[in-house]
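Here are a few exercises to work through with the model open beside you. Try each task yourself before you read the solution.

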Amino acid sequence: MDCGATNATDELTESAAAFLFRDGSRFWIQQVIQPAVVFVGVLGNFVTIVVLTRRRMSSSTNTYLTALAVTDLVYLVCMYALSFENRADLQTADYLWYWQNWKYFVWIVDCTMGISVWLTAAFTFERYIAVCHPLRGRVFCTESRARRFIVTIYILCLLLTSTTPFEWSVEEKDGVVCKKMTPLGLDPMYRTVFYWSWATLFVFVPLIVISIFNTFLIEAVHRSKRQRSGLTQQVEPRDCANSSRQRQENKITTTLIAVVILFIICQTPAAVMLVVYLFYNPDKNSPSGAIMLGLGNIFNFLTTVNASSNFLLYCVMSDKYRRTLLLTFCPCLATRHQRSHTFTSYYASHHNSSVRFNSPNTLNT
């Protein structure tokens with residue numbers, strides 16, 4: 001067989017595999033898996049907003065987490081709306097309204113991604129101040145200050161991404177709707193400035209901030225656990241109260257560390273893909289472009305998973321969140337749980353008190 005014919009056959013096979021990978025990722029992720037994840041995420045974020053806005057949950061940290069839940073909720077809705085863009089049956093004049101609003105969905109997705117990144121950086125830094133510098137934390141970590149930071153983040157991200165809708169236009173011809181980039185979107189200078197600014201402000205800087213302060217938090221939790229394990233069993237009641245408060249603070253910090261780690265795992269591939277696009281942007285109709293689009297579908301799905309999963313972390317790791325969730329949505333179950341918890345706490349407290357009371361007599365015999 002001719003070597004040239006063999007190479008051509010191999011290239012055709014690789015090309016077919018690349019487009020099959022792209023189309024398969026679109027179908028399985030956008031039409032099969034993503035709707036279920038979005039449903040869970042929308043429900044979970046709605047529940048989180050309700051729970052964290054209860055009076056008993058009031059704190060600066062929960063103010064940030066509430067804003068993050070709102071942002072994730074909006075992101076999930078718009079990301080789901082964008083998942084329909086590759087369906088051929090929607091590319092007709094009957095769905096012109098969808099295409100006219102498509103560019104605004106893109107804008108909101110870009111904006112909410114930036115907001116979620118900086119909200120995560122903000123509450124990571126805030127938690128670092130509260131844990132590692134508690135005296136400063138009493139002044140810095142307040143709900144009013146958190147609200148001001150959140151409003152500032154929202155305004156700046158909206159402004160920094162406000163040119164996105166002007167990158168696209170929609171045309172209708174012979175009953176078929178197509179979207180294309182405007183001269184602004186095609187302008188090399190604009191693309192370079194916009195994408196490098198995005199990579200710097202929404203990828204490099206926040207991820208560095210998050211990684212550094214999250215490392216400090218992990219070390220602070222480990223140090224606190226080592227200090228507690230070194231304490232003797234004979235402690236003063238005041239020390240018991242301080243230890244209990246410290247354990248509660250560690251639980252909050254550990255929950256936030258888990259949120260940040262999940263964020264880094266899910267967001268980093270998409271961030272890397274963005275950086276790759278700055279240096280290598282093949283034609284979408286080429287095999288390389290098809291592979292990039294397929295990987296983009298997978299990495300965007302990871303960001304959807306991230307926006308949908310914080311609710312599950314709160315349920316697993318936060319006792320107070322679970323109790324407030326039950327009190328809000330299932331008060332009858334919450335009452336039963338509270339009675340069981342109270343009995344268990346009373347028994348443990350009585351047992352420990354007896355041990356401490358009898359210990360001196362044992363030592364004197």
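**Exercise 1.** Which residue lies over the face of Trp102, and at what distance from the ring centre?

*Solution.* Start with the ground rules. This is a predicted model, where local features need pLDDT of at least 70 and side-chain atom pairs count only at pLDDT 80 or more, while totals for chains, interfaces and linings use all residues. Residues are numbered from 1 along each chain as its sequence is written, and side-chain values use heavy atoms, with hydrogens and water left out. Next, the test: a charge sits over a ring if NZ of Lys or CZ of Arg is within 6 Å of the ring centre and within 35 degrees of the ring normal. The residue you're after is Lys179, at 4.9 Å from the ring centre of Trp102.

**Exercise 2.** Classify the ring pair Tyr80 and Phe84.

*Solution.* Rings of Phe, Tyr and Trp (its six-membered ring) pair if their centres lie within 6.5 Å; planes under 30 degrees apart are stacked, over 60 edge-to-face, and the rest tilted. The structure holds 19 such aromatic pairs. For Tyr80 and Phe84, the centres are 5.1 Å apart and the planes sit at 80°, so call this pair edge-to-face.

**Exercise 3.** Do the same for Tyr128 and Phe216, then decide whether each one is buried, partly exposed or exposed.

*Solution.* First, the geometry: with centres 5.4 Å apart and planes at 35°, the Tyr128 and Phe216 pair is tilted. Second, the location: Tyr128 is in helix α3 (residues 96-132) and Phe216 in helix α7 (residues 188-229), so the pair links distant parts of the chain, 88 residues apart. Helices (H or I, at least four residues) and strands (E, at least two) are DSSP runs, numbered from the N terminus. Third, the accessibility: buried means under 20% relative accessible area, exposed over 50%, and partly exposed in between (1.4 Å probe, protein chains only). Tyr128, at 15%, is buried, whereas Phe216, at 40%, is partly exposed. Both rings also belong to a cluster with Phe125, Phe140, Phe149 and Phe213.

**Exercise 4.** Which element gives the largest share of the lining of the largest pocket?

*Solution.* On a 1 Å grid over the protein atoms alone, a pocket is an open set of points where a 1.4 Å probe fits, with protein on both sides within 12 Å along at least five of seven lines; lining residues have an atom within 4 Å of a point. Among the 49 lining residues, Tyr195, Tyr277, Lys284, Leu293 and Asn300 are the closest to the centre. Now go by element: α7 comes out with the largest share, nine residues.
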